[in-house]
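Q: I would like a close look at a single part of this model, taken slowly and with its surroundings in view. Please treat the packing of one pair of helices before turning to the strands.

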Amino acid sequence: MIFVDDREPEKVFRMLEEAGVEYKVRRLEVGDFLVVHESHEVAIERKAAEDFVNSTIDGRIFRQHYLLSSRYNLSFIFIIGSIEDVLARREIRREAVIGALISLAVKKEKGQVVPIVFENEFDSILALKYIDSKIRKGELRAFPKVKAKEDYQVAMLTAIPGIGEERAKKLLKKFGSLQRIANASLYELMRVEGIGEKYARRIYDAFRGRKIR
């Protein structure tokens, strides 16, 4: 079951209905969506790209991260829109925003919080529907509370479409850390076994807040 916070804008409810998503409305203390099946709960916070950048500057995003991770073993932050466009209009260092994305994924608190960037609102609704389906089938049980640094790094990388656990571990074995992966060139990423140009481009773009193709 998907619960939607009653303060969400009307357009969100319209898109949920267009996507054929069944949901119930209630006031949520944390997050904008809550997916619940039996004992499994996953929270989702949605943010427009502009709001994400603003909350990175004033530190709100890290407070929200704490609230999510202290209550749920797994949660997501859906960032909607082009971070690239926001940065182009604002005098903000790109490194600060990229650093915030990585920090959110590797921050050592109780639960695991995975940030994902979407080009538009409807794609994020489809992702919500997908998460609901996976939890209902018991396929998100592979996301327990994170216990080791490598688990955080793998979680961050597997949030990129097509980068499963095996590819994530090969990347970490090659580069040693998320920071080195983030700073790697396309050519360096392509040299990792099983990555190739397609996935190298996705990784390269994901760490730069660009649309992932």
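How are α1 and α6 oriented to each other, and why?

A: In this predicted model, helix α1, which covers residues 10-18, packs against helix α6, residues 121-136, at an angle of about 55°, and their axes lie 10 Å apart. An angle that is neither under 35 degrees nor over 145, and that also falls outside 65 to 115, counts as oblique, and α1 and α6 are therefore oblique to each other. The crossing in which α1 passes α6 is right-handed. On the α1 side the contact is made by Lys 11, Val 12, Met 15, Leu 16 and Glu 18, while α6 contributes Glu 121, Phe 122, Ile 125 and Leu 128. Sorted by character, the residues of this contact between α1 and α6 comprise six that are nonpolar and three that are charged, with no polar ones.

Turning to the strands, β1 (residues 2-5) is covered on both faces, with Ile 2 and Val 4 buried on one side and Phe 3 and Asp 5 buried on the other. In a regular strand the side chains alternate between the two faces of the sheet. Strand β1 pairs with strand β2, residues 23-26, in the parallel sense over four bridges, and within β2 the bridge partner of Val 4 is Val 25. Strand β1 is also joined to β3 by three bridges, and there the two strands run antiparallel; in that pairing Val 4 stands opposite Phe 33 of β3. Val 4 thus has a partner in β2, namely Val 25, and another in β3, namely Phe 33.

Strand β3, residues 33-37, is mostly covered, five of its five residues being buried. Phe 33, Val 35 and His 37 are buried on one side of β3, and Leu 34 and Val 36 are buried on the other. Besides its bridges to β1, strand β3 pairs with strand β4, residues 40-48, through five bridges in the antiparallel sense, and His 37 stands opposite His 40 of β4. The two strands β3 and β4 form a hairpin with two residues between them, and Glu 38 in the turn has a positive phi of about 55°.

As for the setting of these elements, the protein contains 11 helices and six strands, and buried residues make up 50% of its 213 residues. Among contacts between residues at least 6 apart in sequence, 64% join residues at least 24 apart.

Definitions and conventions
Residues numbered from 1 in each chain as written. Predicted model: local features only at pLDDT ≥ 70, side-chain atom pairs only at ≥ 80, totals over all residues. Heavy atoms only, no water. Axes fitted to C-alpha atoms, helices over the stretch in contact; angles between N-to-C directions. Left-handed = near helix turned anticlockwise from the far one by under 90°. Contact = heavy atoms within 4.5 Å. Nonpolar A, V, L, I, M, F, W, Y, C, P; charged D, E, K, R; others polar. Buried < 20%, exposed > 50% of the residue type's maximum accessible area, 1.4 Å probe, protein only. Pairing = 2+ DSSP bridges.
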